[in-house]
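Trainee: Could you help me learn how to read a pocket and a sheet in a protein model?

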Amino acid sequence: MNEPTATLPLLVTRRFAPAVRARLDERFALTMHDDEAVMDRDALLRTVAGVSGAMVTPNDRIDSEFFDAAGPTLRIVATLSVGVDHIDCDEAARRGIVIAHTPDVLTRTTAEMAIAIMLSLVRRVTEGDRLIREGTPWELSPNFMLGTSLEGLQFGCVGFGRIGREASRLATALGMRVVHCSRRATGEAGERSFDEVISTSDVVSLHCPLTPETHHLINAPVLRAMKSSSVLINTCRGKVVDEGALVDALRRGVIGGAGLDVFEDEPAVDPGLIACENAVLVPHLGSATHRTREAMGMRCVDALMAVLYNEGTATNIITVASA
Ligand code: DGY
């Protein structure tokens with residue numbers, strides 16, 4: 001006799017990889033926003049009512065209003081992201097709702113994006129591509145579009161967690177010297193104060209989560225403390241950088257350039273940044289590979305199965321320290 005298939009109601013706010021969808025279909029009664037676009041807030045609040053779980057993305061704000069709209073049946077929210085700044089985790093903990101995210105499986109891809117942006121910027125790859133597409137006349141000449149080699153330069157890693165460490169490892173492979181700082185001291189080789197990382201590095205690469213403490217961590221005084229030749233790379237969260245101050249610093253040559261995969265008010269990008277030749281701008285593609293996005297989806301499903309059906313184990317649950 002076949003096992004009865006449990007089908008708890010689950011809200012899915014976006015179209016996920018086919019293999020992820022197939023696993024969800026097997027075990028859940030889906031209310032699904034089967035679309036590439038963000039789910040409208042009203043629809044989100046309407047359809048979450050009475051579900052046992054929700055699978056969401058960083059574009060969905062998960063707060064008291066969301067939890068109220070869901071009602072007492074909601075037991076877990078799994079987000080297709082490692083970052084959880086769009087979720088009120090404390091409020092979830094107060095209500096006994098589990099939050100799951102997708103660490104580890106995106107570490108390498110996101111670190112690769114930091115390196116890709118850094119190389120594009122210092123070797124002027126996107127700038128050169130733009131020049132050709134715009135039909136600007138050019139020819140090889142001794143002083144044409146000279147950039148900087150990374151060999152021997154200092155890579156300053158702000159936030160030495162999983163992704164920061166991987167980016168540092170890749171930077172080391174490129175012949176860079178790594179220094180790093182974190183919220184909590186690690187005692188590891190290369191550790192410096194935040195101020196020293198900022199003022200001595202040729203590349204400052206941001207890998208910290210967005211929290212009240214890191215909001216606008218990189219502001220006008222910090223940008224002024226950087227070397228005028230140095231570049232800023234941001235693949236974590238846009239709000240870690242004061243974008244207005246950054247535009248000003250890029251325009252006035254306070255720093256050499258910026259490579260950004262994330263923005264303060266996504267998907268809007270400050271027109272001031274768009275006007276800067278010394279900025280490489282990428283539309284939040286840090287974890288955007290086929291393999292990684294599927295693996296992220298699978299991590300979400302693992303957590304949903306563990307919490308809602310007690311099947312398997314979930315190692316991607318956020319634990320909130322009690323006050
Ligand atoms: C994350 O995982 O937090 C990314 O920013 C979204 O993929």
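Mentor: Let us begin with a pocket: the second largest one has a volume of about 280 Å³, a volume being the space filled by probe spheres set on grid points joined across faces, edges and corners. This is a predicted model, in which local features need pLDDT of at least 70 and side-chain atom pairs count only at pLDDT 80 or more, while totals for chains, interfaces and linings use all residues. Residues are numbered from 1 along each chain as its sequence is written, and side-chain values use heavy atoms, leaving out hydrogens and water.

Trainee: Which residues lie nearest the centre of the second largest pocket?

Mentor: Of its 21 lining residues, Leu-121, Val-122, Thr-148, Val-231 and Gly-256 do; a pocket is an open set of points on a 1 Å grid over the protein atoms alone, where a 1.4 Å probe fits, with protein on both sides within 12 Å along at least five of seven lines, and lining residues have an atom within 4 Å of a point. Helix 5 (107-122) and helix 6 (125-133) each give two or more residues to this lining, a helix being a DSSP run of H or I with at least four residues, and a strand a run of E with at least two, numbered from the N terminus.

Trainee: In what order do the 6 strands of the open sheet stand?

Mentor: Strands of a sheet pair through backbone hydrogen bonds, either parallel or antiparallel. Here the order is 7-6-8-9-10-11, with parallel pairing (two strands pair if DSSP finds at least two bridges between them), and the edge strands, each pairing on one side only, are strand 7 (177-181) and strand 11 (279-281). Strand 9 (residues 231-234) is joined to strand 10 (residues 257-260) by 4 bridges, and Ile-233 stands opposite Gly-259 in strand 10.
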